[in-house]
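Student: I should like to learn how to read the structural features of a protein model. May we work through one together?

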Amino acid sequence: MDYEKVFTKYVTDYEIKENELNCLCPFHEEDTPSFYANLETGLYHCFGCGAKGNAITFISKIEGINNKEAWQKLQDLMYVIYTLEDYASEKNLPIEYLKELGLKNGKNNVVIPYYDTDKKTIAIRFRNHPFNPQRFSWKKDSKTIPYGLWKIPEFTGDYIIIVEGESDAQTLWHYGIQAIGIPRSN
C-alpha cells in the first residue's frame, strides 16, 4: 500500500527518498525537517517532538477527529472509487443487465443485493476497487446466503451449476445457464 497520497495531502515542502517522506513536522514549529513517514507501512515519527504512529493516528491528530473518522478519511484517500461501470467493463457484462439484477453504485463501491426466493433483500455485499485489500464487505446484519436464490423459479431443466461468487453466476445467467453463486468469505 502506498501512503504518499495521505501524507502529501497534509504537509508541504517534503522530500521523498527510497519510499520515505521527510519534511517539517506538522505538529510543532521547526526550521529543520525532523518528520519522517514510511510510505510503504504508513508509520511516521518526528525526531523533534516525538510524535509517532500510523496513517490513521496521523489523520486523527492533524484533523482533530477520532480514529473511526480518520479511518474513513484514509479509506477515501487510499482507495479509488469503484463504479458499476468499472465492474461491468471488468466482467464484460452489459451495465443495463447488471442494473436489472439490482446492482448499483454505492459511496465508493458496487452494491450487490442478495435476495431470497421471494426476492426479498436478505444481504447486501459491497465490491470494492481491485486495489483495495478489503475487496468485499457486507452490510451490517446481512445474512450470508447463496447468490441467485430468486432466480431458481426461472430455471428449467434438472441442473444448477454452483459457482464461486456473484460475477460467475451473473455471467452464466447472461448466457442462459442456470447457476447459483457461493460468496467467498472475505
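The dialogue below takes up sheets, aromatic rings and cysteines in turn.

Student: What kind of model is this?

Tutor: This is a predicted model.

Student: How does one read a sheet, and what is the strand order in the open sheet of 5 strands?

Tutor: Strands of a sheet pair through backbone hydrogen bonds, either parallel or antiparallel. Here the order is S1-S2-S3-S4-S5, and the pairing is antiparallel. Strand S1 (15-17) and strand S5 (52-53) stand at the edges; each has a single partner strand, so one side of each lacks a neighbour in the sheet. Within the sheet, strand S2 (residues 20-23) runs antiparallel to strand S3 (residues 35-38), and 4 bridges join them. Glu-20, for instance, has Asn-38 in S3 as its bridge partner.

Student: Which strands stand at the edges of the open sheet with the order S6-S7-S8-S9?

Tutor: That sheet has 4 strands with antiparallel pairing. Its edges are strand S6 (104-105) and strand S9 (136-138), each with a single partner strand. Strand S8 (residues 121-127) is joined to S9 by 3 bridges, and Phe-126 stands opposite Ser-137 in S9.

Student: How many aromatic pairs does a search of the whole structure find?

Tutor: The search finds 17 aromatic pairs. One of them, Phe-27 with Tyr-44, is tilted, at 6.1 Å centre to centre and 40 degrees between the planes. This pair links distant parts of the chain, 17 residues apart: Phe-27 lies in the loop between S2 and S3, and Tyr-44 in strand S4 (residues 44-46). Phe-27 is partly exposed at 22% relative accessibility, while Tyr-44 is buried at 5%.

Student: Why is the pair of Tyr-36 and Phe-47 edge-to-face?

Tutor: The angle between the planes decides the class, and over 60 degrees counts as edge-to-face. The planes of Tyr-36 and Phe-47 stand at 75 degrees, with the ring centres 5.7 Å apart, so the pair is edge-to-face. Tyr-36 belongs to strand S3, and Phe-47 to the loop between S4 and S5.

Student: Where does the charged end of Arg-125 sit?

Tutor: The charged end of Arg-125 sits over the ring of Phe-136, 4.1 Å from its centre. Lys-9 likewise lies over the face of Tyr-10, at 5.6 Å from the ring centre.

Student: Why does Cys-23 form no bond with Cys-25?

Tutor: A disulfide requires two cysteine sulfur atoms within 2.5 Å. The closest cysteine sulfur to that of Cys-23 is in Cys-25, at 7.4 Å, which is too far for a bond. For Cys-49, the closest is in Cys-46 at 3.7 Å, also too far. The search of the whole structure finds 0 disulfides.

How values were computed:
Residues numbered from 1 in each chain as written. Predicted model: local features only at pLDDT ≥ 70, side-chain atom pairs only at ≥ 80, totals over all residues. Heavy atoms only, no water. Pairing = 2+ DSSP bridges. Helix = DSSP H or I, 4+ residues; strand = E, 2+ residues; numbered from the N terminus. Phe/Tyr/Trp six-rings, centres within 6.5 Å; stacked < 30°, edge-to-face > 60°. Buried < 20%, exposed > 50% of the residue type's maximum accessible area, 1.4 Å probe, protein only. Lys NZ or Arg CZ within 6 Å of the ring centre and 35° of its normal.
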